[in-house]
Amino acid sequence: MPAAAQSPDHVGGRLLTGLLLVLTLSAFAGNSLLNRAALAEHTIDWASFTAIRVVSGALLLGLLFGWRHGRAVLPRRDTIVPAVALFLYAVSFSFAYVSLDAAIGALILFPAGQLSLQMIGIVRGIYPTAIQWAGLLLAIAGLAVFLAPGDTAPPLAGGLIMALAGISWGFYSWAGKGAAQPALATARNFVGAAALCLLLIPALGRGEHVQPSGIILAIISGTITSGLGYITWYAVLPRLTVSTAAASQLSVPAIAALGGLLLLGETLTTRFFIGSMMIFAGIGLTMFKWSGFRQRQQNL
């Protein structure tokens with residue numbers, strides 16, 4: 001029998017999901033572009049950008065969910081770990097972009113985050129299969145090729161700091177896996193991270209004159225590409241398969257590379273292409289097999 005025609009509502013739902021996914025991934029890449037643009041033009045220092053980004057995101061989400069639930073959005077004991085992880089991610093992310101291009105930073109950030117998730121799983125007794133190990137090692141080899149000394153190598157310190165940002169993002173993502181209300185938990189995490197930004201006070205404004213354009217870029221990063229971007233990500237996740245959700249994030253470095261090329265005048269090297277292909281192949285293989293294994297387990 002021929003397959004039943006899809007209803008207009010079903011087709012419209014798929015189109016909406018695709019649109020939300022594109023917007024979300026573009027927001028993730030936009031964080032790299034906004035941060036690098038502000039720091040490359042010396043319109044703001046990394047500490048001020050971080051503080052304004054996190055605090056503005058906390059204000060937006062705090063007001064949004066405070067109005068929705070009729071009470072103040074405050075951190076709780078179960079948000080301590082993700083709030084600290086979010087703060088460390090934001091600090092490392094901005095500090096690394098003092099010396100890294102947007103595309104290079106994204107290429108280090110997202111694989112490091114995915115690799116850290118895999119390592120957390122191993123520590124907790126979730127062991128990869130042989131194919132997963134192969135993908136993991138291939139991705140690590142790609143990072144090694146990318147960071148190895150040479151004329152076209154990115155600054156080692158900046159690369160390691162961005163890797164720390166990726167590791168922090170991995171811990172933040174893992175901590176949020178069991179959240180009963182992920183969007184509300186995101187708001188609480190932002191508020192907690194905003195409180196930790198008090199630690200940045202000694203570094204604010206150091207070495208750079210904070211200009212209005214830098215402040216605007218930080219606010220856009222905090223409210224739109226971070227705050228609303230994370231909320232949109234949680235909205236679209238239930239509509240995606242696990243493998244699609246994982247693999248889709250691998251497009252973020254490519255989007256950041258295109259944006260850096262068109263908007264910031266960045267150049268892409270042979271090292272970038274070789275390392276990125278190894279990383280994409282390794283992480284894609286690992287996440288695809290990991291997702292398939294988890295789905296088969298759920299069906300048993």
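Which residues have the most contacts inside the largest nonpolar core? In this predicted model, they are Y89 and M162, and the core they belong to has 58 residues. Let's start with the overall layout and then come back to that pair.

The chain is built from eleven helices and zero strands, so to speak an α-only pattern from start to end. Of its 300 residues, 47% count as buried. Among contacts with a separation of 6 or more, 89% link residues 24 or more positions apart. As for the outside, the accessible surface comes to about 14800 Å², and carbon and sulfur atoms make up 70% of that.

Now back to the core. Leaving aside residues up to four places away in sequence, M162 touches F93, A96, Y97, L100, G105, I108 and L109.

Y89 leads us to the aromatic rings, where the count is five pairs. In one of them, the rings of Y89 and W169 have centres 5.2 Å apart and planes at 50°, so this pair is tilted. Y89 sits in helix α3 (residues 80-96) and W169 in helix α6 (residues 156-175), so the pair ties together parts 80 residues apart in sequence. Both partners are buried: Y89 has a relative accessible area of 4%, and W169 comes in at 16%.

Another pair is F93 with Y97: their ring centres are 5.0 Å apart with planes at 80°, so they meet edge-to-face. These two are buried as well, F93 at 1% and Y97 at 0% relative accessibility. Together with Y172, the residues Y89, F93, Y97 and W169 form one aromatic cluster. F93 has one more neighbour to look for: the charged end of R53 sits over its ring, 5.0 Å from the centre.

Note on methods. Residues are numbered from 1 along each chain as its sequence is written. This is a predicted model: local features need pLDDT of at least 70, side-chain atom pairs count only at pLDDT 80 or more; totals for chains, interfaces and linings use all residues. Side-chain values use heavy atoms; hydrogens and water are left out. Helices (H or I, at least four residues) and strands (E, at least two) are DSSP runs, numbered from the N terminus. Buried means under 20% relative accessible area, exposed over 50%, partly exposed in between (1.4 Å probe, protein chains only). Contact means heavy atoms within 4.5 Å. Accessible areas come from the Shrake-Rupley method with a 1.4 Å probe; for residues, only the protein chains shown count as cover. A nonpolar core is a set of buried Ala, Val, Leu, Ile, Met, Phe, Trp, Tyr and Cys residues joined through side-chain atoms within 4.5 Å. Rings of Phe, Tyr and Trp (its six-membered ring) pair if their centres lie within 6.5 Å; planes under 30 degrees apart count as stacked, over 60 as edge-to-face and the rest as tilted. A charge sits over a ring if NZ of Lys or CZ of Arg is within 6 Å of the ring centre and within 35 degrees of the ring normal.
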